[in-house]
Amino acid sequence: MSAALITAAINGAEVTRDQYPSLPLLPAEVGEEAGRCVEAGAAIIHLHGRKPDGTPTQDLDTFRAYFEAIRSHSEVIVQFSTGGAVGMDVEERIVALALRPDMATLTTGTVNFGEEIFENPLPTVRLIAERLRQFEIRPEIEVFDVGMLDTARRLVDEGILKGPLHVDFVLGVPGAMAAEERHLDYLVSWLPPSWTWCVAGIGRHELRLAAYALERGGHVRVGVEDNLYVERGVLAKGTWELVERAAALARAVGREPMSVDEARAMLRVREPRYPVG
């Protein structure tokens, strides 16, 4: 089978330093962790913004500092989250896209998110998609439920997004689709043949679903945004250690971790970008 794309989700919006003392928050920490993840086999770094005290933020200055810190280490694909944190308005969530990262996420529907609601009505989804098109940023479609795939295909039909797309199936969030192999199989069955996909299993499901996806020819996202443990009761030393585990799972089924250049070719991402302005 082909090489395996590994995405490293290194900070997220929900994890705290109380839960995970080595959570990277400062730009230097983010840059160093990204570098370690690339060495371990990651080709994409997925980012949320965090203030030094850990408060979620999507402000432009934070993302600029993160982007510059990562670029000081490598030309890895830099992917901004447009989800931010639950409760942020859409303009707050997408202001940093003006920096023109290589990629950014786009969640194509509303979903229960634990005790909260991650709101993505269609006008919001269209606005984010149009902003991605404006800045020529490649999207990654984040799917928590099957209807979100229908919306992604609709956006392609409307000409707002250009296929083929790359889709991240996020499974195991309380209130969304459970982290079960049969759910992943069903979601993959609805993809157009030219689209690519990865899976992000939440919590204890992360590495199990990663192994299953890799056997099926898919790709994976791992990291402390989604899961803090390399095994039961053992905290990961960093997202890089989870990337190492994912790389080992890939090699166990005859697949090498995809290089950054290979990932750029597959995802149709142009030459590495640097912060604008």
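Which side chain does E180 meet in a salt bridge? Select E180 together with R182 in this predicted model, and you will find that their side chains form that bridge, with N and O 2.5 Å apart. Of this pair, E180 is partly exposed, at a relative accessible area of 28%, whereas R182 is exposed, at 59%.

**Colour by confidence**

Before going further, colour the protein chain by pLDDT, for which the mean is 97, with 100% of the residues at 70 or more. Among the elements of the chain, strand 1 has the highest mean, 99, and strand 5, which covers residues 111-113, has the lowest, 95.

**Helix 1**

Select residues 27-40 next, which make up helix 1. The end C-alpha atoms of this helix are 20 Å apart, and this agrees with expectation, because 14 residues at 1.5 Å a residue should span 20 Å. Now show the side of the helix that is hidden from the surface: V30, G31, E33, A34, G35, C37 and A40 are its buried residues. With their surroundings displayed, these buried residues can be seen to pack against strand 1 (6-9), strand 2 (44-47), helix 2 (60-71) and helix 8 (239-252). Step just past the end of helix 1 and you reach G41, which takes a positive phi of about 130 degrees.

**The nonpolar core**

From here, move to the largest nonpolar core, which has 92 residues, and pick out I45, L47, F80, L106 and F169, the members that touch the most others. Helix 8 gives the most to this core, with 6 residues. Centre the view on L47 and display its contacts: beyond its neighbours within four places in sequence, L47 is in contact with I10, N11, V30, F63, Y66, I70, V78, Q79, F80 and S81. One of these contacts, V30, also belongs to the buried residues of helix 1.

**Buried charges**

The structure holds 18 salt bridges, and the next stop is one whose partners are hidden. Select R221 and D226, both of which are buried, and look for the salt bridge between them, where the closest N and O atoms are 2.9 Å apart. Then widen the selection to E142, D168, R221, E225 and D226, which are linked in a network of salt bridges.

How far from E140 is the nearest side chain of opposite charge? Select E140, which lies in strand 7 (residues 138-143), and draw the distance to R221, which is that nearest side chain, at 4.8 Å. E140 is buried yet has no salt bridge, because such a bridge requires nitrogen and oxygen within 4 Å. Around E140, leaving out residues up to four places away in sequence, you can show Q79, M103, A104, T105, L106, H166, D168 and C198, all of which it touches.

**Two last stops**

Return towards the surface by selecting R251 and E256, whose side chains meet in a salt bridge of 3.2 Å, N to O. Both residues are partly exposed, with relative accessible areas of 47% for R251 and 46% for E256.

Finish with K51, in the loop between strand 2 and helix 2. This lysine is partly exposed, with a relative accessible area of 38%, and apart from its neighbours within four places in sequence it is in contact with L25 and T57. If you then select E115 as well, the C-alpha atoms of K51 and E115 will be found 24 Å apart in space, while 64 residues separate the two in sequence.

Terms used:
Residues numbered from 1 in each chain as written. Predicted model: local features only at pLDDT ≥ 70, side-chain atom pairs only at ≥ 80, totals over all residues. Heavy atoms only, no water. Helix = DSSP H or I, 4+ residues; strand = E, 2+ residues; numbered from the N terminus. Expected span 1.5 Å × (residues − 1). Buried < 20%, exposed > 50% of the residue type's maximum accessible area, 1.4 Å probe, protein only. Contact = heavy atoms within 4.5 Å. Core = buried A, V, L, I, M, F, W, Y, C linked by side-chain atoms within 4.5 Å. Lys, Arg positive; Asp, Glu negative; His and termini not counted. pLDDT = per-residue confidence, 0-100.
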